[in-house]
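Trainee: I should like to be guided through this structure by question and answer. May we begin once it is displayed?

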Amino acid sequence: MSQKLTKPRFTGARVTRMEDDRLLKGQGRYLDDIAVPGMLEMAFVRSNRAAAKLVSVNVDEARKYPGVVAVFTADNCPYVMNSKDYEVAQSVLAKDEVRFVGEPIVAIVAESRYIAEDAAELVAIQYESLPPVLSREDALNDTRRVHTHRPNVFSHWEKITDGFDEVFASAPHRAQASFVTHRQTGVSMETRGCAAMIDPTSGRLTVYVSHQSPHQFRTDLTKIMNLDEHQVRIVVPEVGGAFGIKAMFYGEYIVVTHAAKALGRPVKWVSDRTECLLADCHSRDNLHEVEVAFDDDGVILAVKDRVVGDTGAYPIFGFPGAVGEAGWATSFLTGPYKIPYVSITVDCVFSNKAPEGAYRGVGGPVGAQVQEGYVDLVARKLGKDPVEVRRVNLIQQADFPYSTATGNVYDPGSYAESLEEALRLIDYEGFRQKQAEARKDGRYLGIGIGVFVEPSAGVSSEAGSTPYESVTLRMEPSGKITAATGLGPSGQGHETTLAQLIADELSVDVKDIVVLHGDTDSAPFGGGTGGSRSATIGGGAALKAAKEMRGKLAKIAAHLLEASVEDIEFVDGQAQVAGVPSRGHAIAELAQIAYTDVSKLPDDMQPGLEVVSRYRPPMSVTHSNGAHIATVEVDIDTGLVKILDYVIVNDCGVLINPMLVEGQIHGGVAQGIGSTFLEELRYDDAGQLVTTSLQDYLLPSMTDVPNMRIAHIVTPSANDGGFKGMGEGSLIAGPPALANAVSDALEPFDVFVTEIPILPQHIVAWTQDKVAVEA
């Protein structure tokens with residue numbers, strides 16, 4: 001059965017986000033807006049030691065405090081999150097020992113958060129301090145074990161391509177650098193939290209949570225608490241930013257749910273900003289010791305990477321960050337370049353810091369920092385232009401599908417074309433002339449390039465391991481459409497993009513569609529949002545559901561019009577015989593017949609218009625790509641860096657909504673600026689986190705983010721719709737482009753940046769008392 005396609009009206013158009021109307025009017029309902037009669041609030045007492053035995057935990061005075069309803073410790077909340085692969089169990093409330101500052105020990109439940117916070121001050125904890133493991137060296141040496149029953153190295157793997165040793169040994173040139181990225185976190189505008197309550201009539205448990213993956217959350221919660229899934233409803237209200245940190249599962253959710261069950265009253269906890277910085281998952285704590293082999297022309301022959309990833313005290317439940325980051329970064333060690341030989345050694349270690357998990361891009365920004373760093377290093381060593389080194393190494397159109405030395409298969413992209421277009425937009429040669437003139441005046445301008453590959457829609461991501469996505473579609477008797485998706489949006493505009501796809505398939509107005517999500521009682525089982533899977537897999541599910549609905553409508557129309565289904569086309573809200581508008585029925589009329597005038601339906605057709613579709617893409621991973629180029633001016637007296645210009649060429653396949661794609665790019669570049677110049681979670685020698693407020697942990701502000709010029713190239717994927725993911729590419733490419741621009745600016749001082757964030761004091765130290773050498 002087929003019907004004639006209509007010309008898309010909405011797919012590819014800059015449709016204004018439909019969800020913004022309620023959000024901009026302040027009508028969005030977030031977790032902290034959840035308030036029901038009798039609701040209690042929770043506050044946590046957290047460890048102020050990085051490593052210590054718990055000698056005693058006295059909660060007597062806290063329990064007596066007026067307004068306190070209950071106090072929970074590991075004794076009366078004895079749940080454990082097991083990471084069997086790594087032989088470690090984490091108590092949701094610390095038992096016997098604490099392993100990082102910020103680890104929850106006691107939960108106070110009171111009539112208000114204020115009372116709970118006051119009572120928390122009365123908890124008396126006696127510690128017996130232990131020497132914390134804070135450096136990679138101490139962790140690797142097993143100087144002291146974070147978990148006494150097992151070594152600190154909890155994950156080790158090696159990969160080497162056949163012939164690597166011979167090629168590496170015989171290469172004309174080799175160069176070495178150690179790339180370091182420091183700890184960061186997502187810092188979503190809405191902090192983490194959850195609320196739990198028992199339905200007094202049905203006895204079912206409802207949990208509201210700010211999370212990216214409602215069904216994965218339900219699976220984790222019910223597994224740990226030994227609950228029946230059908231007795232648990234998860235509701236995700238509006239989510240004010242997530243960036244991967246809200247795809248993780250945290251022990252606080254268990255404590256809140258346990259308290260609600262034990263007390264028979266609703267309980268809510270919303271973290272404050274200090275709790276977020278202490279205990280939201282961290283990321284990016286990595287060392288890559290890289291050695292690259294190359295020839296006289298800059299052709300890279302082989303790369304060796306020795307990685308140490310610090311995951312903190314525990315492998316966060318479901319997605320141990322260091323393993324994910326090292327895996328991602330080394331899997332894409334060769335990036336968009338044809339490098340036939342690699343040698344990779346990875347060690348992931350425990351330390352007495354907060355657990356690491358997912359943060360936008362996972363290991364992508366780290367891997368790109370390494371990949372674009374060693375390309376510039378080759379150029380520096382040979383005295384060549386970095387562009388020329390890229391040109392001789394980039395994967396070309398004739399190479400697709402391209403199998404990398406690390407085992408990935410790239411579907412077609414536009415790696416070389418994206419770079420050339422970005423060079424044109426930035427006027428590369430013109431900038432080089434300006435740079436030379438500026439240096440004569442003692443001004444240091446630089447240009448940096450970040451060419452990237454972004455894998456998307458992988459079977460497995462921080463959102464879980466669901467290799468498909470689901471959409472239910474119901475055309476109401478009025479002809480309006482209610483869709484529901486298993487995705488978990490956190491500001492990306494899923495309601496608009498899915499509605500655009502559905503509207504085009506059914507020839508209806510995009511405003512006639514409402515897209516629901518975030519409620520496991522009404523949304524179909526799905527993988528949620530993570531790993532740039534929403535458009536590629538979720539969009540495919542929306543298309544598939546809409547096509548099935550279209551088939552039902554066409555069948556009804558063909559029956560009424562005494563025509564063949566194949567001759568039915570959809571035009572301007574009507575199903576009609578192709579080319580004969582006078583022989584047709586409005587979509588709304590067909591919907592009304594399907595529900596209330598069922599005698600007119602074909603004999604073999606059930607009444608109603610509902611479909612449930614699950615889409616599993618033909619490719620397990622598709623790859624978007626692009627190029628970022630930044631120009632900067634570095635003030636060597638103050639150490640400040642000013643971004644002069646920033647261009648992006650992006651290829652994410654077919655664009656559903658260019659405006660939303662560009663919004664994602666703007667946000668990713670802003671986060672990249674934070675990664676490169678500002679953001680670092682710092683621990684002191686005792687393991688105390690000293691960046692516990694946004695006065696210490698600096699984020700980019702509006703004035704730090706430049707205007708950007710964005711161009712698009714479209715290389716469709718093989719997935720339905722031709723979409724590729726793009727949620728992470730801009731944060732993957734931004735930091736290396738900016739760091740390389742600083743390197744380029746400071747080349748006269750023989751500075752080559754290998755560590756981010758780049759702070760003003762670094763630049764002053766690198767350049768003070770040194771005389772610049774003309775290039």
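**Helix α11, Lys 353 and the cysteines**

Mentor: At the start of α11, a side-chain oxygen of Asp 385 comes to within 2.8 Å of the backbone nitrogen of Val 387. Helices are DSSP runs (H or I, at least four residues) and strands likewise (E, at least two), numbered from the N terminus. The model is predicted: local features need pLDDT of at least 70, side-chain atom pairs count only at pLDDT 80 or more, and totals for chains, interfaces and linings use all residues. Residues are numbered from 1 along each chain as its sequence is written, and side-chain values use heavy atoms, leaving out hydrogens and water.

Trainee: Which residues of α11 are buried?

Mentor: Buried means under 20% relative accessible area, exposed over 50%, and partly exposed in between (1.4 Å probe, protein chains only). In α11, residues 386-393, this holds for Pro 386, Val 387, Val 389, Arg 390 and Asn 393. They lie on the same side of α11, because they cover an arc of only 160° around the axis, taken from the directions from the helix axis to the C-beta atoms.

Trainee: With which side chains does the side chain of Lys 353 make a polar contact?

Mentor: Lys 353 sits in the loop between β17 (341-349) and α10, and is buried at a relative accessible area of 10%. A polar contact is a pair of N or O atoms within 3.5 Å; within protein, one must be able to donate a hydrogen and the other to accept it, and residues adjacent in sequence count only if both atoms are side-chain atoms. The partners are Asp 285, at 3.2 Å, and Asp 310, at 3.2 Å.

Trainee: How many disulfides are there?

Mentor: A disulfide is a pair of cysteine sulfur atoms within 2.5 Å. The sulfur of Cys 276 is 11 Å from the closest cysteine sulfur, in Cys 281, and therefore too far for a bond. The count is zero.
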